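Colleague: I'm new to looking at protein models. Could you walk me through this one, a feature at a time?

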Amino acid sequence: MPDTPPPPISFGARLTEIAREKPDAPAISDAAGTITWKQFDRQTNQIARGLAKAGVKFGDVISIALPNGAPFIEAAFGLWKAGATPQMLSWRLPAHEADAVMDLAETPILISDGSVEGSKPRFDIPALLALGEDDGPLADVTAPVFKAATSGGSTGRPKLIMSGAPGVAMAAGGPVYRIGPDDTCVVPGPLYHNAPFVCSTNALMQGAHVVILPRFDPEETLKAVDRHKATWLYVVPTMMSRIWKLPDEVKAKYDVSHLHTVWHMAAPCPPWLKESWIHWIGPDAIMELYAGTEAQSATIITGREWLEHRGSVGKVVGGEMATFNEAGERLPLGEIGEIYLRRPEGMPASYQYRGASARTLPGGWESLGDIGSFDADGYLYLADRRTDMILVGGANIYPAEIEAALDEHPKVHSSAIVGLPHDELGATIHAIVHPKDDVTEDELREHLRGYLVTYKQPRSYEFVADHVRDDAGKVRRTQLRDERIARMKTTQAD
């Protein structure tokens with residue numbers, strides 16, 4: 001008979017369990033050093049008590065805006081021990097954008113070191129520890145919602161993706177990520193993004209040692225893998241490209257032979273880059289996942305499978321996926337259409353939106369906006385995005401959000417944002433501006449600093465004499481993008 005899966009256990013109870021098993025083993029390492037499992041457990045007990053004194057109640061959604069490091073993870077576990085939900089927020093957000101997200105979250109406080117200023121009362125980790133005082137055991141509680149991820153939303157307004165799972169250890173993904181208690185996992189991605197956050201918490205709930213980099217740097221990532229004899233690594237294609245483009249003699253300085261798993265996700269990976277990593281690290285180590293934060297379904301592919309199904313993102317694991325045409329009719333294998341996902345039959349909803357509505361078809365099908373097709377063996381191949389979303393280095397950028405901020409400038413009549421191809425980032429943001437009056441690029445850059453985080457700001461600007469939208473306010477974004485790509489190719493040819 002198959003093994004019976006263990007019953008769900010709260011994040012707090014699982015942390016305490018591991019701390020009893022190996023109190024002095026390393027739990028989290030960051031730029032400041034390493035904390036043991038005993039320290040991790042006790043400090044999060046104290047943080048949970050501090051949160052309660054700061055006004056956090058069971059079921060609250062609390063925004064965390066901290067730089068990458070152990071304090072971010074400690075804040076999350078402190079919240080789970082208090083029965084609350086962590087809402088991951090970029091520590092670089094301007095106050096205007098942060099407040100819009102926190103209003104959706106209805107958060108009573110902001111956990112931040114001061115890098116993000118907003119209208120909510122702010123507490124950093126030292127302040128919460130001071131409030132908490134006692135680091136002794138707590139009564140076990142389970143947060144009703146695992147996490148609340150942030151997305152820009154195609155309307156230009158933020159949205160929250162509330163997990164459909166409670167704060168229990170199995171919600172983080174279990175063995176799907178191929179992590180065990182003896183693994184050391186390096187995470188160079190920002191913890192305010194869903195995948196690095198989920199990978200880190202899943203690794204910890206397996207009892208693994210997690211190494212968090214303050215920011216991504218290609219050589220520092222290899223150095224961390226070497227120094228900690230890491231067995232597991234999370235990357236996105238932009239990181240893979242920058243690591244691969246290091247001089248061969250630099251790559252050769254670091255021992256990556258301990259890696260048994262390298263996961264990449266969040267953006268399409270160019271075939272040449274994927275193949276390079278497969279030959280470097282090994283076909284059985286390279287793993288790819290395609291899914292949304294909404295988690296209705298997913299595909300997974302190993303490097304060995306990919307060599308036989310070049311360009312695929314894998315076969316469906318959990319739930320269902322199918323392609324449909326614009327009339328909502330299901331398409332046969334091999335035909336390109338919009339990809340719809342459906343959670344396993346009888347399973348509860350995997351997420352809930354705040355600030356947006358899902359794109360759906362009858363029968364429980366939901367779309368993330370991707371286009372693709374399935375081959376005869378059931379492998380999925382992505383073709384394009386149905387929506388206007390631009391993927392920049394694994395981050396989702398929505399043009400409407402940037403256009404709304406640009407159009408607020410008194411000298412801008414209208415604007416359109418398109419993504420232009422880029423070898424490393426996948427795309428860069430290009431702004432097409434129809435000015436009302438003379439306006440400079442520097443003026444617009446200064447204006448956007450108060451509205452948008454850095455990675456959402458255009459890399460290039462173009463000023464045009466004609467309207468970029470028709471009388472109905474519509475913009476032909478694909479046409480604008482194609483014209484500029486054609487122009488780029490002509491210039492390169494010359």
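**Reading the model together**

Modeller: Let's start at Phe40, which has its place in helix 2 (residues 37–53). Helices (H or I, at least four residues) and strands (E, at least two) are DSSP runs, numbered from the N terminus. Keep in mind that this is a predicted model, where local features need pLDDT of at least 70, side-chain atom pairs count only at pLDDT 80 or more, and totals for chains, interfaces and linings use all residues. Residues are numbered from 1 along each chain as its sequence is written, and side-chain values use heavy atoms, with hydrogens and water left out.

Colleague: Is Phe40 buried or exposed?

Modeller: Buried means under 20% relative accessible area, exposed means over 50%, and partly exposed is in between (1.4 Å probe, protein chains only). Phe40 has a relative accessible area of 0%, so Phe40 is buried.

Colleague: And what does Phe40 touch?

Modeller: A contact means heavy atoms within 4.5 Å. Not counting residues up to four places away in sequence, Phe40 touches Leu15, Ala27, Ile28, Ile35, Ile73, Glu74, Phe77 and Leu204. Ile73 turns up again for Ser200, in helix 6 (residues 194–205): leaving out residues up to four places away in sequence, Ser200 touches Ile73, Val187, Leu191 and Val210. Ser200 counts as buried because its relative accessibility is 0%.

Colleague: How many disulfides does the structure hold?

Modeller: A disulfide is a pair of cysteine sulfur atoms within 2.5 Å. Here the structure holds zero. Cys199 is in none, and its nearest cysteine sulfur, that of Cys185, is 8.6 Å away. Cys199 has 1% relative accessibility, so it counts as buried.

Colleague: Why is Cys269 without a bond to Cys199?

Modeller: Because the sulfur of Cys269 is 16 Å from the closest cysteine sulfur, in Cys199, and that is too far for a bond. Cys269 is buried too, with a relative accessible area of 15%.

Colleague: How do I read a helix that packs against other parts?

Modeller: An α-helix has 3.6 residues a turn, so residues three or four places apart point the same way. Now take helix 10 (residues 271–281), whose buried residues are Leu273, Lys274, Ser276, Trp277, Ile278 and Ile281. Their cover includes strand 11 (232–235), helix 8 (237–244), strand 12 (261–264), strand 13 (286–291), strand 14 (298–302) and helix 11. Just after helix 10, Gly282 takes a positive phi of about 120 degrees.

Colleague: Which residue of helix 11 should I click on?

Modeller: Try Leu307, in helix 11 (residues 303–308). Leu307 touches Glu275, Ile278 and Pro283, not counting residues up to four places away in sequence. With a relative accessible area of 40%, Leu307 is partly exposed. Leu307 and Lys274 are 33 residues apart in sequence, yet their C-alpha atoms are 9.6 Å apart in space.

Colleague: What about the chain as a whole?

Modeller: The secondary structure comes to 14 helices and 26 strands. For overall shape, we use the radius of gyration, taken over C-alpha atoms; the globule rule is 2.2 Å times the number of residues to the power 0.38. With 494 residues, a compact globule would have a radius near 23 Å, and the chain agrees at 23 Å. Buried residues make up 54% of the 494. Among contacts with a separation of 6 or more, 68% join residues 24 or more positions apart.
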